[in-house]
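Student: Could you zoom in on one part of this for me and then tell me how it sits in the whole? I'd like the cut-offs too, please.

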Amino acid sequence: MMEEKTFEKLLNEQEINEVKKGKIIEGKVFEINSDGIWVALEGATGDVFVSQVELIKPLQEYQVDQKILVEITKTNDAEGLNFASEKRAVWNGTMNKIKEGGNYPIIFKNRLKKGYSVLIEGLIGAFLPGSLSLLSPKDDLPEGEKMAKVISKNGKNIVVSIKDYAEEKINQTFNEYEEGMVIDGVVEDIKNFGAFVRLNDHLNGLIPASEVSWDEKISIKDYLKVGQKVKALIIKLDREKKRISLSLKRLKENPWKTVDEKYPIGSIVQGTVTNILPFGFTVKIEEGLEGLVHETEIFWGRKGRISDLVNVGDNVQVKILNLDKENKKINLSYKQVSGDPWENIEEKYYEGNIVTGTVEKVLNNGAIIKLDQGITGFLHVSELSWDFVDDISTVLNEKQKIKVKIIKIDKDNKRMRLSVRETKENPWKKASKEIKPGDTVKGKIIRFLDKGAIVLIDGYEVEAYLPASKASTNSKSLEETYSIGDQIEAKVLEIGLENEFKRGNMIISISHLQEEREKEEALKVIKEMNEE
């Protein structure tokens, strides 16, 4: 009995070790040459040669001692040379593994009349009907691997479906997802009504525009970008229509829910200017929370240009004045953060003080001069110069820097009167002392009036009046005889100064000087005649 078992065992071992055509055996690479590899078979006697065309990979990717599976394709006992194929071994293994209903990677090979020729796992030929490909006839052949389901296997005839695979995965996804779950995705497309987010290769979700942010003014196209990775909350699952609605904003708490706790009335907060309006400006405190700074809460003194204080995008500090959670409104104050600059104005400004200001606005009767944030004063046209100013816009321009003297401060009414002329000594004091009626003066015509001209007197910076009737002894008009900028010489008829704080006056005559000189010339001629 013992001998029979031993004999049976020997027969089995001989069958195992025997190299037969069609047998699939694992072996180890022991030599690589230019047209193939030599493989030592494990559990069998003899070696086999696998030519390059029977390998599943390029020759250079094989290494000595690497294990591979081969199928014996030819034996030659006389010469002791055996041939094998790795492709057939793998092909048979893959074919035996493929089951109807299973999912496998495929590679597109060719376009056919009613579908596509594909390779399962790069080896097994199969047919993919066009109606099950999820492709349009105009689409290019996809590159790389795609997953498909085997819906039919009859011998070597295999039919696959990408559509069935996708539906299986979609159903699987819907079974895994629940409302309230946070999931990851990638933004695939953005429309005005919402953003499509790719959740996996076969399923997209939609973030409606209203679910992007608690800030209703935010544009979805500014908030999201194609290709951006996002985390979103599932807010609705429609298993029948296979639709998923997502939300970004609900991952955060509605800021209006706790606004009164986080930003109590009277608190000072940091924000960003989002818009400048005719009656104020808006400030974003955080995403979804925006308040209004009314113009009455911007300036302490006279209303100015809001754009001179803030611009869109500026970071500002504001005070919470009022909260209306129901209507989602917040009233803010800009001026109360810095405090009323008029409260302690006497610490910085006083009557008689000469300071530098900026022309904020030019009016018909004067100008508004800004001295500091929230502090402006009024410069009347009469305080602009010791001489007469006909058109203030010819002397001042907005944003111009000028020196002014504070001549009056009304703290209670937040008003200030300013003077430019009093920043320097009254030139009429010197002129009235040194120039007397009958004196001859020189000057330049600087402008014409209806019945005369204004002449700037050399060396005194005062203006004299030249009546048209006193301009010449000929019959021509003043403007026919002279031009702006002409230098003239004239006789002083009148000069006066009421007091050193007022403007003086001077009347001059060219004709009087001409007549006087003509008279002197006549007397000189008569004298010379008498002497002869």
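Tutor: Sure. A contact here means heavy atoms within 4.5 Å. Counting that way, 58% of the protein's contacts with a separation of 6 or more join residues 24 or more positions apart. Before going on: this is a predicted model, where local features need pLDDT of at least 70, side-chain atom pairs count only at pLDDT 80 or more, and totals for chains, interfaces and linings use all residues. Numbering starts from 1 along each chain as its sequence is written, and side-chain values use heavy atoms, with hydrogens and water left out.

Let's pick the stretch around strand 1, residues 24-33. Helices (H or I, at least four residues) and strands (E, at least two) are DSSP runs numbered from the N terminus. Strand 1 pairs with strand 4 (residues 67-76) in the antiparallel sense, over five bridges; pairing needs at least two DSSP bridges. If you want one rung to click on, glycine 27 stands opposite isoleucine 68 in strand 4. Strand 4 is also joined to strand 5 (residues 81-85), again antiparallel and again by five bridges. There, threonine 75 has asparagine 82 of strand 5 as its bridge partner. So strand 4 is paired with strand 1 and with strand 5. As background, side chains in a regular strand alternate between the two faces of the sheet.

Now look at asparagine 33, which is in strand 1. Asparagine 33 counts as partly exposed because its relative accessibility is 24%; buried is under 20%, exposed over 50%, and partly exposed in between (1.4 Å probe, protein chains only). Leaving out residues up to four places away in sequence, asparagine 33 touches Trp38, Phe49 and Leu59. Then jump to aspartate 260, 227 residues along the chain from asparagine 33: the two C-alpha atoms are separated by 82 Å.

How does that fit the whole? The C-alpha trace spans about 180 × 70 × 45 Å along its principal axes. The secondary structure comes to nine helices and 30 strands. The protein is more spread out than a compact globule, because its radius of gyration is 51 Å, well over the 24 Å that the globule rule gives for 532 residues. That radius is taken over C-alpha atoms, and the rule is 2.2 Å times the number of residues to the power 0.38. Buried residues make up 36% of the 532.

Two buried residues make a handy contrast with asparagine 33. Serine 161 is found in strand 10 (residues 157-161) and counts as buried because its relative accessible area is 0%. With the same four-place exclusion, serine 161 touches Leu128, Leu132, Ala148, Lys149 and Ile151. Isoleucine 375 lies in strand 23 (residues 375-380) and is buried at 3%. Its contacts beyond four places include Pro341, Trp342, Tyr349 and Met416. Another C-alpha distance to try is isoleucine 375 to alanine 522, which are 147 residues apart along the chain and separated by 66 Å.

Last, some backbone angles. Most residues other than glycine have a negative phi. Lysine 414 has a positive phi of about 55° although it is not a glycine. Lysine 414 lies in the loop between strand 24 (401-410) and strand 25 (415-419), and is partly exposed at 27%. Glutamate 461 also has a positive phi of about 55° without being a glycine; this residue lies in the loop between strand 27 (452-457) and strand 28 (463-467), and is exposed at 55%.
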